[in-house]
Every structure is written in C-alpha cells, then in structure tokens.
Amino acid sequence: MAFARGKDAEIYYEVHGRGTPIVLSAGMGGSGSFWAPQLDSLANRHQVILYDHVGTGRSAAGHRSIAGMADDIACVLDQANVDAAHVVGHAIGGIVGIELALRHPKRLRSLTVVNGWGCADPFLRRCFEIRKALLNHSGPQAYVRAQPLFLYPPQWISENIARLDAEEERILKHFPSVATMNQRIDMFLAFEGGRRLAAINVPTLLASAKDDALVPAYLTRELAAAIPDARVHEVDLGAHAFSVVTPEVFNDTLLDFCKEVDR
C-alpha cells in the first residue's frame, strides 16, 4: 500500500503481482476493494494496481472533476513507475478511463469500460434521482441498504443475503460524505462524450450485462458506435456488478483481451 500525490489530495493505491500493468478504477463507491473478485486471477499474470478515488475509501477528501480524476490515474501510474497500463473502469470508473484515453492516450495499453455510458439517458437519470433521494432524505444507511437492488440480480441477492449484510456494515464504516456522493453523481450524469469519443485510438473493450437494470446494455452499444473499432462483450446474467456475480467469466474475458493487445 502507498499514496500518490494528486492535485490537493493524497491517493491511496496498492500494487499486486508482476507483469504487464493493469489499473482498476471502481464505480460510484470509489474503493479499490470493489475489485477483490478479480485480484488473484489478474495478479497471476499482471501487475495489478488498485486505488481509491479521491474523496472515497482511504484517499483524502477533495473535490474532483472528471478530468481531475483522469489526472489522478496518471499520478498513480507515475508513483508506481508505470509508463502505460491496461485501464479498466466500472461504470463511472469507466468514464474516468474514457477521459484518460482522451487526455493522456500514451498512458493506456488498452481501455476496458464495464457497464458504462457516453451520455446519461432519461432512464439512467431517473435511477440516480431515486438514489440521491434515498441518500439525502433517508441517509447513508438507506442508500447502502438499497444499493444491491441496483447492482445484482434478484436471485443472487437472495442467495447471498448474509454476505450483503456484512458488506453493508463495512461500506457504512467508510462511506463518503453526503456532499461528496451528491457531487460525484451530478458530475457523472453531466458527462457527455459526444464527438470527442471518435478521438479514442487505443484498443477498447466495452463489457456489459443484458440484465443490468441500472445502466442498460443499450448504453454500451451506443458507446460502441461512437468509439472507433470498439469491441462489445455482452453477458446474459450478472446485472450491473457482473464482475462480482460471475467473476470467472469477467476475469477470463479481460485476460484474453489484454493478452491479445500485448501480443
């Protein structure tokens, strides 16, 4: 574990394994621990870099734009002495990866966006309006309690309820401030890749789940139409956090993609 000095804030990160570097950027929660189901598999072949977004987890508090968050990844890579890495982002972490590919393309060996979007549509906005209402009117506990409903398939929730209850307690202990969460939600809903997406020139994998009830798979298909030569990989089951629900499927897909790029 170590800290990289970003703009006005220290960024917590960890490095595991050896090989071609992969940096993993989490979604709304911002914590590198989101990628625990990937760590062992990826670290067997790669140098894996996990980090906590500024304002979340073990990183310092601070205000960030999407561009600033992309610069944070560059700072972590600098601190880890990595010139270029496979960059993998889940949801809003994927948007940060997109911004990194536009701002610092030489820092990426490839880009993988998991359940991401190029522009929020009315459905996605309504989902986050509901999540913000829970957070602002009922508090963090209600927000975290409802979170699995947005992330996982119903049967998986039922079969893993004890695990989710334990995770809920852990998340609440490290939950960002309400102000930080509101700022993060508003920032990512405002993102519009637009014509800029056509400038992305790194190998790109766009992964999604057909049963994602938060970020529907059609948003990934729209993103693919805007990024030159982007590859789409859809799974049938797993919902918004299919990297957690079916980790073996996700891990194998990502490893195969990175292996192909590294040839």
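**Exercise 1. A residue in helix H4**

Is Ala 133 buried, partly exposed or exposed? Say also where it lies.

*Solution.* The model is predicted.
Step 1: place the residue. Ala 133 belongs to helix H4.
Step 2: read its accessibility. The value is 34%.
Step 3: compare with the cut-offs. Buried means under 20%, and exposed means over 50%. Ala 133 therefore counts as partly exposed.
Step 4: add a distance. Ala 133 and Leu 223 are 90 residues apart along the chain, and their C-alpha atoms are separated by 28 Å.

**Exercise 2. Tyr 143 and its surroundings**

Find the helix that holds Tyr 143, decide whether the residue is buried or exposed, and list its contacts beyond its sequence neighbours.

*Solution.*
Step 1: locate it. Tyr 143 sits in helix H5, which covers residues 140-151.
Step 2: check accessibility. The relative accessible area is 2%, so Tyr 143 is buried.
Step 3: look for partners. Leave out neighbours within four places in sequence; Tyr 143 then touches Met 28, Arg 131, Leu 134, Leu 135, Phe 175 and Met 181.
Step 4: try a distant residue. Phe 242 is 99 residues from Tyr 143 in sequence, and the C-alpha atoms are 20 Å apart.

**Exercise 3. Two helices, two lengths**

Compare the spans of H5 and H11 with the spans expected at 1.5 Å a residue. Then name the buried residues of each helix.

*Solution.*
Step 1: take H5. Its 12 residues reach 16 Å from first C-alpha to last, close to the expected 16 Å.
Step 2: take H11, residues 247-262. Its 16 residues reach 22 Å, close to the expected 22 Å.
Step 3: list the buried residues of H5. They are Tyr 143, Val 144, Ala 146, Gln 147, Pro 148, Phe 150 and Leu 151.
Step 4: see what covers them. The cover includes helices H4, H6, H7 and H8.
Step 5: do the list for H11. Pro 247, Phe 250, Asn 251, Thr 253, Leu 254, Leu 255, Phe 257 and Cys 258 are buried there.

**Exercise 4. Cavities**

How many cavities of 30 Å³ or more does the structure hold? Describe the lining of each.

*Solution.*
Step 1: count. The search finds two.
Step 2: describe the largest. Its volume is about 50 Å³. The lining consists of Val 144, Gln 147, Pro 148, Tyr 152, Leu 164, Glu 167, Glu 168 and Ile 171.
Step 3: assign elements. H5 and H7 each supply at least two of these residues. H7 gives the most, with four.
Step 4: sort by class. Five lining residues are nonpolar, one is polar and two are charged.
Step 5: turn to the second largest, with a volume of about 30 Å³. Val 54, Gly 62, Arg 64, Met 69, Thr 180, Gln 183, Arg 184 and Met 187 line it.
Step 6: repeat the sorting. H8 supplies the largest share, four residues. The classes are three nonpolar, three polar and two charged.

**Exercise 5. The largest pocket**

What is the volume of the largest pocket, and which residues are closest to its centre?

*Solution.*
Step 1: the volume. The pocket holds about 700 Å³ of space.
Step 2: the centre. Of 36 lining residues, the closest to the centre are Gly 29, Ser 31, Phe 34, Arg 170 and Ile 171.
Step 3: the elements. Helices H1, H4, H5 and H7 give two or more residues each. H7 gives the most, with four.
Step 4: the classes. The lining has 20 nonpolar, 11 polar and five charged residues.
Step 5: a link. Ile 171 also lines the largest cavity.

**Exercise 6. Cysteines**

Why does Cys 119 form no disulfide?

*Solution.*
Step 1: recall the bond. A disulfide is a covalent bond between the sulfur atoms of two cysteines.
Step 2: find the closest candidate. For Cys 119 that is Cys 127, with the sulfur atoms 15 Å apart.
Step 3: apply the cut-off. The sulfurs must lie within 2.5 Å. The distance of 15 Å is therefore too far for a bond.
Step 4: check the total. The count of disulfides is zero.
Step 5: compare surroundings. Cys 119 is partly exposed at 34%, whereas Cys 258 is buried at 0%.

**Exercise 7. Positive phi**

Describe phi and burial for Ala 91 and Asp 229.

*Solution.*
Step 1: recall the rule. Most residues other than glycine have a negative phi.
Step 2: take Ala 91. Its phi is near 55°, a positive value. It lies in the loop between strand S5 and helix H3. At 4%, Ala 91 is buried.
Step 3: take Asp 229. Its phi is about 60°, also positive. It lies in the loop between helix H9 and strand S8. At 80%, Asp 229 is exposed.

Notes
Residues are numbered from 1 along each chain as its sequence is written. This is a predicted model: local features need pLDDT of at least 70, side-chain atom pairs count only at pLDDT 80 or more; totals for chains, interfaces and linings use all residues. Side-chain values use heavy atoms; hydrogens and water are left out. Buried means under 20% relative accessible area, exposed over 50%, partly exposed in between (1.4 Å probe, protein chains only). Contact means heavy atoms within 4.5 Å. The expected span of a helix is 1.5 Å times one less than its number of residues. On a 1 Å grid over the protein atoms alone, a cavity is a set of points where a 1.4 Å probe fits but cannot get out, and a pocket is an open set with protein on both sides within 12 Å along at least five of seven lines; lining residues have an atom within 4 Å of a point. Grid points are joined across faces, edges and corners, and a volume is the space filled by probe spheres set on the points. Ala, Val, Leu, Ile, Met, Phe, Trp, Tyr, Cys and Pro count as nonpolar, Asp, Glu, Lys and Arg as charged, and the others, Gly among them, as polar.
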